[in-house]
Amino acid sequence: MSKDDDSFDVMEAFSSAPVPEELTMQDQRKKRKAEKAKAKAQDKLEKNRENREKKKKKKDKMKKRKRGEDVSDDSDAEDEEGSEKEDGAADDVEGGEAKEKPAKKAKTEKPAKESKKAPGVWIGNLSFSTTEADLKAYFSKCGEITRIKCPPGRNARQSNQGFAFIDFATEEAVAAAVAKSESDLNGRNLLIKDSKNFEKTGRPKREPAEGEAVADGGKAGDRIAKKQKNPPSPTVFVGNLSFNTTRDAIQKQFEPCGRIRKVRLATFQDTGKCKGFAYIDFFDVDSATKALRAPDKHTLDNRKIRLEYASEEATKKATPWVYRQERKEAEAATEETQAAPAQEERPAVTTNEKAKEERIAKKLERESKRKDGPNREGRSTATSGAILANVQRQKVTAQPFQGTKITFD
């Protein structure tokens, strides 16, 4: 380039110019957006984690309620309060001044938690029509009621979910309420357990007290009575017994039903163990019916046993002296009937029978005539085979000529 030329190089003039800030601003915006998106994703993950934990806690509560455990509704609120207190304690520690305050709160809260564990009972197998008012009226005689927790049903027809919790003021009231287990309320036998009892023992066996009647069985007892094949009898057949079952166990099981004459247990000759069935001889039919209808008498030695009225012969064997006497009388009667001659008078013959006998005689006479001689048309009744058999046949030997000889001249 010459000195007199006014032109200049653009690249050389602007090479040292600063880079415009618009490009850096765009990068910053992108960076901010990426940070915001990352923060939102983290918040979303935390929320999802919290929701999963809440759902898990709810499921655990439902499982505990189904098992019959007492679950307080304030557990979530207590957890939230505990987390808030921990956060407050951390802030106080950072300040370095009010370190004693959280300790004082913890001391005051301990007796409050213990006071919430009031004595109570869990009630199961409730009718869906049972209400809190029915429960209050039913358990009011046990003692002072402090709380009734009856979860509402899943639809308008159900007043409850089949169970409830009742808190009492004293332990004596709880014991009185537990004693009402297996009693009837609105057509259902209640299952009552202490709220502190979390063992899965199922429905406890309730043995009747002295002088108390055995459970009738209700509709289930009616169904059992209808299925009986044999008529009502004072003897009951017991089947599906364990090989280790003894007479004393059967006697103890069915004594509350009535007076037992004898327990006839079928045993093996070599081992003396039970064959799997037995007969219980009661003094009256009512006692045997109670044993059949009682629902708690159908299990023995952890086995479902079969009860039914015994057959007529098995019932007679309950009183062997009567059975032997009847057998002797029956044998004597059969011997007399065999020894005595059969002198039976012939019944009088009626006119219809006489006519029938005459027709039969005439028919036989006609058949005999057909066999002996020709029929009405003069034709023989003999068969073709018989005729051929009686035809005179030509002799095989040489015979002398007996005809006339013809000659031709």
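**Figure 1. Four salt bridges are counted in this predicted model.** Side chains of opposite charge can pair when their charged atoms come close. Three of the pairs are described in this legend and in the two that follow. The side chains of R147 and D167 form a salt bridge, with N and O 2.8 Å apart. R147 belongs to strand β2 (residues 145–149) and D167 to strand β3 (residues 163–168), so this pair ties together parts that lie 20 residues apart in sequence. R147 has a relative accessible area of 33% and is therefore partly exposed. D167 is buried, because its relative accessibility is 8% and the cut-off for buried is under 20%.

**Figure 2. R306 and E308 are joined by a salt bridge.** The closest N and O atoms of this pair are 3.2 Å apart. Are these residues buried, exposed or partly exposed? E308 has a relative accessibility of 25%, so E308 counts as partly exposed. R306, at 43%, also counts as partly exposed.

**Figure 3. A salt bridge links K316 and E312 within helix α10.** The closest N and O atoms of K316 and E312 are 3.7 Å apart. Helix α10 covers residues 312–316, and both partners lie in it. K316 and E312 are four residues apart, which is about one turn of the helix. K316 is partly exposed, with a relative accessibility of 31%. E312 has a relative accessible area of 61% and is exposed, because the cut-off for exposed is over 50%.

**Figure 4. F254 is a buried residue in helix α8.** Helix α8 spans residues 247–254. The relative accessibility of F254 is 0%, so F254 counts as buried. Which residues does F254 touch, leaving out those up to four places away in sequence? The contacts of F254 are I260, I280, F282, A291, K297, I305 and L307. A288 is 34 residues from F254 in sequence, and the C-alpha atoms of F254 and A288 are 9.3 Å apart in space.

**Figure 5. S195 sits in a loop and is buried.** The loop with S195 runs between β6 (191–194) and α7 (218–226). S195 has a relative accessibility of 6%, so S195 counts as buried. When residues up to four places away in sequence are left out, S195 touches D70, G120, V121 and W122.

**Figure 6. A positive patch on the surface includes K33 of helix α2.** Which residues form this positive patch? The patch is made of R29, R32, K33, K36 and K40. K33 lies in helix α2, which covers residues 22–67. At 63% relative accessibility, K33 counts as exposed.

**Figure 7. A negative patch on the surface includes D43.** The members of this patch are D43, E46, E50 and E53. D43 is part of helix α2, the helix in which K33 also lies. D43 has a relative accessible area of 42%, so D43 is partly exposed.

**Figure 8. I387, L388 and V391 form a nonpolar surface patch.** Together, I387, L388 and V391 have about 280 Å² of accessible area. I387 lies in helix α13, which covers residues 384–390. The relative accessible area of I387 is 46%, so I387 is partly exposed.

**Figure 9. The whole protein chain is shown for orientation.** The secondary structure of the chain comes to 13 helices and twelve strands. The protein chain has 409 residues, and 21% of them are buried. F254, S195 and D167 are among the buried residues. How much of the contact count comes from residues 24 or more positions apart? Among contacts with a separation of 6 or more, such pairs account for 64%. The chain exposes about 32,700 Å², and carbon and sulfur atoms supply 51% of that area.

Technical notes:
Residues are numbered from 1 along each chain as its sequence is written. This is a predicted model: local features need pLDDT of at least 70, side-chain atom pairs count only at pLDDT 80 or more; totals for chains, interfaces and linings use all residues. Side-chain values use heavy atoms; hydrogens and water are left out. Helices (H or I, at least four residues) and strands (E, at least two) are DSSP runs, numbered from the N terminus. Buried means under 20% relative accessible area, exposed over 50%, partly exposed in between (1.4 Å probe, protein chains only). Contact means heavy atoms within 4.5 Å. Accessible areas come from the Shrake-Rupley method with a 1.4 Å probe; for residues, only the protein chains shown count as cover. Patches are made of residues with over 30% relative accessible area and no salt bridge: like charges are joined within 9 Å, nonpolar side chains (Val, Leu, Ile, Met, Phe, Trp, Tyr) within 5 Å. Lys and Arg count as positive and Asp and Glu as negative; His and the chain ends are not counted. The place of a charge is taken as NZ of Lys, CZ of Arg, CG of Asp or CD of Glu.
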